Amino acid sequence: MQRTTMDLWVGLFVILGIGALLILSLKVGNLNTYSAGQSYQLIGHFENIGGLKIRAPVKSSGVVVGRVVNIQFSLETYDAVVTLSIDSRYIFPKDTFASILTAGLLGEQYIGLAAGGDEIMLKDGDKLMKTNSAMVLEELIGRFLFDKASESNDF
Amino acid sequence: MPKRIISIIQGIGHRAIEGTWQVGLASRFFILVLLKSTTSLRRFGLVMRELYFVGVLSLIIILVSGLFVGMVLGLQGYETLQKFGSETAVGTLVALSLVRELGPVVAALLFASRAGSAITAEIGLMKATEQLAAMGMMAVDPVARVVAPRFWAGVISMPFLAAMFSVMGVFGGYLVTVVFIGVDEGSFWSQMQSNVDFRQDIMNGFIKSCFFGVAVTTIAVFEGYDAKPTAEGVSIATTRTVVTSALVILGLDFILTAFMFRGIS
């Protein structure tokens, strides 16, 4: 075979291969949703994070505004410390309410941010003051049974 | 009776020693090929020629198998997922199983039987017809001139082939579920994109295929170089390339998966 035709075929092969990798990362994967822009970090203390995982989305009004980047247990306050990385395009007031919510009935857990009305905005490294823990099914049922029991005692 | 038992144990021992020797020789041969790769990097035309035979000529089998594997995955995934009313997750299922496992593994298995066996047979036959010895006589190092270009061609083409396999598979899954069955196209792609992670899934699959490429081509060139210089020896070496490659790919895949995907939800 001619040297040039062979080079042509190999060139096509390599281009196809690189193209396949690009398609995988852009069309199949979520590389395009990674914001190349700046982000800032917020810290939230939660009593119970349920099944929240690192890289879970942070949403406000259903729009993804950031991701959970770190989850740790604090030995000072004995609760979970969750670090959120928020896209710097989105800034939130100081009294923003963070709660752990579940997508769908059995879906993954995410953090929902509900903006407050404060004039001062949250900056990098700030702490979210108002947090709401994840719903744990056992606690919910327990509370329900307890309420029922106390209701029937009234009679 | 005890004599037979002793001979059986001896047989096991003999095979164990033999196997260990083979592993050791193959590892030393791998290092030797790496050390003598400078020629093939300087004269890249040699690698180009092998890339054509190893990579381009494997394209058809890789692309067609990828398409069919994806179509079967889509069909089977749809059958099961629609029982739970979540047939839109079929895109995630197809993409994740292809990118994480099937792409690298099946492409490597096909590559071993299509290209690995050819490399072994070629090198083995060169040895049987004393071409390698003749090269040595002319002060041309056969490892640098014959083995290293084939090794590098295999290592380079394996990740590309695996990526193309995955892309064809995703396309096959799309064809069956969206075009033929009628799953919603938007949720097919969006569910796939939100669940396939670039670093955790695609990069890990890519790294896997690189490992498989090194393993398969090392086995192929070693078996060829190590073959008995007879017609029978070459045929045994070719068979051994395919069998050993398949076992090494699957074993390596388990180890790599255990390292990569532990701790991912």
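**Exercise 1. Describe the sheet of chain A: its strand order, its edges and its twist.**

*Solution.* Step 1. The strands of chain A form an open sheet of 8 strands in the order β7-β1-β4-β3-β2-β6-β5-β8, and the pairing is mixed. Strands are DSSP runs of E of at least two residues, helices are runs of H or I of at least four residues, and both are numbered from the N terminus. Two strands pair if DSSP finds at least two bridges between them.

The model is a predicted one, in which local features need pLDDT of at least 70 and side-chain atom pairs count only at pLDDT 80 or more, while totals for chains, interfaces and linings use all residues. Residues are numbered from 1 along each chain as its sequence is written, and chains are lettered from A and ligands numbered from 1 in the order in which they are written.

Step 2. β7 (126-128) and β8 (130-132) of chain A stand at the edges of the sheet; each has a single partner strand, so one side of each is left without a neighbour in the sheet.

Step 3. From one strand to the next, the twist averages 30°.

**Exercise 2. State the sense and the number of bridges for the pairs β1-β4, β3-β4, β2-β3, β2-β6 and β5-β6 of chain A, with one bridge partner for each.**

*Solution.* Step 1. Strand β1 (residues 39-46) and strand β4 (residues 80-87) of chain A are antiparallel and share 8 bridges. Here A:S39 has A:D87 of β4(A) as its bridge partner.

Step 2. β4(A) also pairs with β3(A), in the antiparallel sense, over 7 bridges. The bridge partner of A:F73 in β4(A) is A:A80. These two strands form a hairpin with 6 residues between them, in which A:Y78 has a positive phi near 55°.

Step 3. Strand β3 (residues 63-73) of chain A is joined to β2(A) by 4 bridges, and the two run antiparallel. A:V58 stands opposite A:G66 in β3(A). The hairpin of β2(A) and β3(A) has 2 residues between the strands, and A:S61 in the turn has a positive phi of about 55°.

Step 4. Strand β2 (residues 57-60) and strand β6 (residues 109-114) of chain A run parallel, joined by 2 bridges. A:V58 has A:I111 as its bridge partner in β6(A).

Step 5. Strand β5 (residues 97-102) of chain A runs antiparallel to β6(A), with 6 bridges between them. A:Y110 of β6(A) is the bridge partner of A:L101.

**Exercise 3. Give the helix content and the extent of chain B.**

*Solution.* Step 1. Chain B contains 10 helices and 0 strands.

Step 2. The C-alpha trace of chain B spans about 65 × 60 × 35 Å along its principal axes.

**Exercise 4. Analyse how α5(B) packs with α10(B), and α3(B) with α7(B).**

*Solution.* Step 1. The axes of helix α5 (residues 90-128) and helix α10 (residues 231-260) of chain B come within 8 Å and cross at roughly 150°. Axes are lines fitted to C-alpha atoms, for helices over the stretch in contact, and angles run from 0 to 180 degrees between N-to-C directions. α5(B) is therefore roughly antiparallel to α10(B); angles under 35 degrees count as roughly parallel, over 145 as roughly antiparallel, 65 to 115 as roughly perpendicular and the rest as oblique.

Step 2. The crossing of α5(B) and α10(B) is right-handed (the near helix is turned clockwise from the far one by less than a right angle). Residues making the contact include B:A112, B:G116 and B:T120 of α5(B) and B:A237, B:T241 and B:S245 of α10(B); contact requires C-beta atoms, placed from the backbone, to lie within 7 Å.

Step 3. By class, this contact has 12 nonpolar, 9 polar and 1 charged residues. Ala, Val, Leu, Ile, Met, Phe, Trp, Tyr, Cys and Pro count as nonpolar, Asp, Glu, Lys and Arg as charged, and the others, Gly among them, as polar.

Step 4. The axes of α3(B) and α7(B) come within 8 Å and cross at roughly 55°, which means that α3(B) is oblique to α7(B). Their crossing is right-handed.

Step 5. Among the residues that meet are B:L46, B:E50 and B:L51 in α3(B) and B:R150, B:W152 and B:I156 in α7(B). The contact of α3(B) with α7(B) has 8 nonpolar, 2 polar and 2 charged residues.

**Exercise 5. Characterise the side of chain B that touches chain A.**

*Solution.* Step 1. The contact involves 24 residues of chain B and 18 residues of chain A.

Step 2. On chain B, the elements that give two or more residues are α3 (44-54), α5, α7 (142-181), α8 (185-195) and α9 (198-226). α7(B) provides the largest share, 6 residues.

Step 3. This side of chain B divides into 16 nonpolar, 5 polar and 3 charged residues.

Technical notes:
Contact = placed C-beta atoms within 7 Å.
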